[in-house]
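Here is a quick tour of a protein chain and its ligand, told in plain words. Have the viewer open and follow along.

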Amino acid sequence: MKFPYPFRRTRVKICGFTRPDDALTSVQLGADAIGLVFYPPSPRTLDVETARNIVSVLPAFATVVGLFVDEDESVVRKILEQVRIDLIQFHGEETPDYCRRFGKPYIKAVRMRSETDLESVVRAYPDAAGFLLDAWHPDVKGGAGHRFDWNMVPKELRQSVILAGGLTPENVGEALRTVGPYAVDVSSGVEAGKGIKDAGKMAAFLEQVHEYDHRANID
Ligand SMILES: O=C(O)c1ccccc1N[C@@H]1O[C@H](COP(=O)(O)O)[C@@H](O)[C@H]1O
């Protein structure tokens, strides 16, 4: 029997928590990373105290991702001083130079539209830990449940990709079969209301991911 190497285990990030219990539940269900939004226009944005309360309930090895959108450098620094953030998600038009200023691993969000040249973006951010692909929309920066054409993702970049944008328990299986990314990220698709996560939807989402991985490892 062929040993299933490299072993397929799609990582899962669930983003936009506002309540400690929801974040803990997500990790207990199998999420690898939780996202905390620091973007004041978002209904999921957090103050420092709430963010610290969420982080305080998490077990070891759960990765905390802090999401910023074109934020002032001083504001980012202040939050990093006060909240344990393991990885930064830059979800705006941040330059490579800006992204590397914080001395933390980061992922760069790319809002995909027909003219996006993903290979060029990847070359421009050589020290990014990964590229989170979300749907481009003229009015919102993210977290609105919009998807993009998954066929736009070049096969060679699959393992640098964190696939996001409009994922749900119903479509994540198809998304994984189409793209085969390193990880998936979901926010509104597992919510009962803005920033309020639904345990049943999170469980269903994770189950679909585990099912895909299982099949990929036995086929
Ligand atoms: O969650 C937000 O409110 C948010 C605000 C601004 C930029 C990004 C945001 N969230 C990220 O958006 C994507 C897709 O979310 P969805 O699943 O389509 O709702 C995801 O990466 C979130 O991290």
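Let's start out on the surface: phenylalanine 61 is exposed, because just 7 other C-beta atoms lie within 10 Å of its own, and a residue counts as exposed at 12 or fewer. Keep in mind that this is a predicted model. You'll find phenylalanine 61 in the loop between α2 (48–56) and β3 (63–68). Its backbone is a bit of an oddity, with a positive phi of about 80 degrees although the residue is not a glycine. Most residues other than glycine have a negative phi.

Aspartate 70 belongs in this part of the story too. Its phi is positive, about 45 degrees, and again the residue is not a glycine. Aspartate 70 sits in the loop between β3 and α3 (73–82). With 12 C-beta neighbours inside 10 Å, aspartate 70 counts as exposed, since the cut-off for exposed is 12 or fewer.

**The chain as a whole**

Now zoom out. The protein chain has seven helices and ten strands. Along the principal axes, its C-alpha trace spans about 55 × 40 × 35 Å. How does the radius of gyration of the protein chain agree with that of a compact globule? For 219 residues, a compact globule would come out near 17 Å, and the protein chain has 17 Å, so the two agree. Buried residues make up 38% of the 219. If you look at contacts with a separation of 6 or more, 55% of them link residues 24 or more positions apart.

**Strands β1, β2, β7 and β8**

Strand β1 (residues 11–15) is a good place to go in. Four of its five residues are buried, so β1 is largely enclosed by the rest of the structure. From β1 the chain crosses through helix α1 (residues 20–29) to β2, a β-α-β crossover that is right-handed. β1 and β2 pair in the parallel sense over three bridges, and one residue pair to click on is cysteine 15 with its bridge partner in β2, glycine 35.

β1 also pairs with β8, running parallel to it through four bridges. Here valine 12 has valine 184 of β8 as its bridge partner. Strand β7 (residues 161–163) runs parallel to β8 as well, with two bridges joining them; isoleucine 162 is bridged to alanine 183 in β8. β7, helix α6 (residues 172–179) and β8 together make a right-handed β-α-β unit.

What about the faces of β8? In a regular strand the side chains alternate between the two faces of the sheet. Both faces of β8 are covered: Ala183 and Asp185 on one side, and Val184 and Val186 on the other, are all buried.

**Around the ligand**

Which residues come nearest to the ligand? Out of the 27 around it, those are Cys15, Ser42, Gly142, Gly143 and Ser188. The elements giving two or more residues to this shell are β2 (33–37), β6 (130–135) and β8 (183–186). By class, the shell is made up of ten nonpolar, 13 polar and four charged residues.

**Two residues to compare**

Leucine 133 takes us into strand β6. It is buried, because 27 other C-beta atoms lie within 10 Å and 20 or more is enough to count as buried. Leaving aside neighbours within four places in sequence, leucine 133 has contacts that include Val110, Met112, Val153 and Val161. Also in contact with leucine 133 are Leu163, Ala164 and Gly165.

Lysine 104, by contrast, is placed in the loop between α4 (96–99) and β5 (106–112). It is partly exposed, because 15 other C-beta atoms lie within 10 Å, which falls between the exposed and buried cut-offs of 12 and 20. Beyond its neighbours within four places in sequence, lysine 104 touches Leu80, Leu87 and Ile88, in the sense of being in contact with them.

Each of these two residues also has a C-alpha distance you can check in the viewer:

| Residue pair | Separation in sequence | C-alpha to C-alpha distance |
|---|---|---|
| Lysine 104 and alanine 128 | 24 residues | 10.0 Å |
| Leucine 133 and proline 154 | 21 residues | 12 Å |

Technical notes. Residues are numbered from 1 along each chain as its sequence is written. This is a predicted model: local features need pLDDT of at least 70, side-chain atom pairs count only at pLDDT 80 or more; totals for chains, interfaces and linings use all residues. The radius of gyration is taken over C-alpha atoms; the globule rule is 2.2 Å times the number of residues to the power 0.38. Two residues are in contact if their C-beta atoms, placed from the backbone, lie within 7 Å. A residue is near a molecule or strand if its C-beta atom, placed from the backbone, lies within 6 Å of it. Ala, Val, Leu, Ile, Met, Phe, Trp, Tyr, Cys and Pro count as nonpolar, Asp, Glu, Lys and Arg as charged, and the others, Gly among them, as polar. Two strands pair if DSSP finds at least two bridges between them. A crossover is right-handed if, with the strands pointing away from the viewer, the path from the first strand over the helix to the second runs clockwise.
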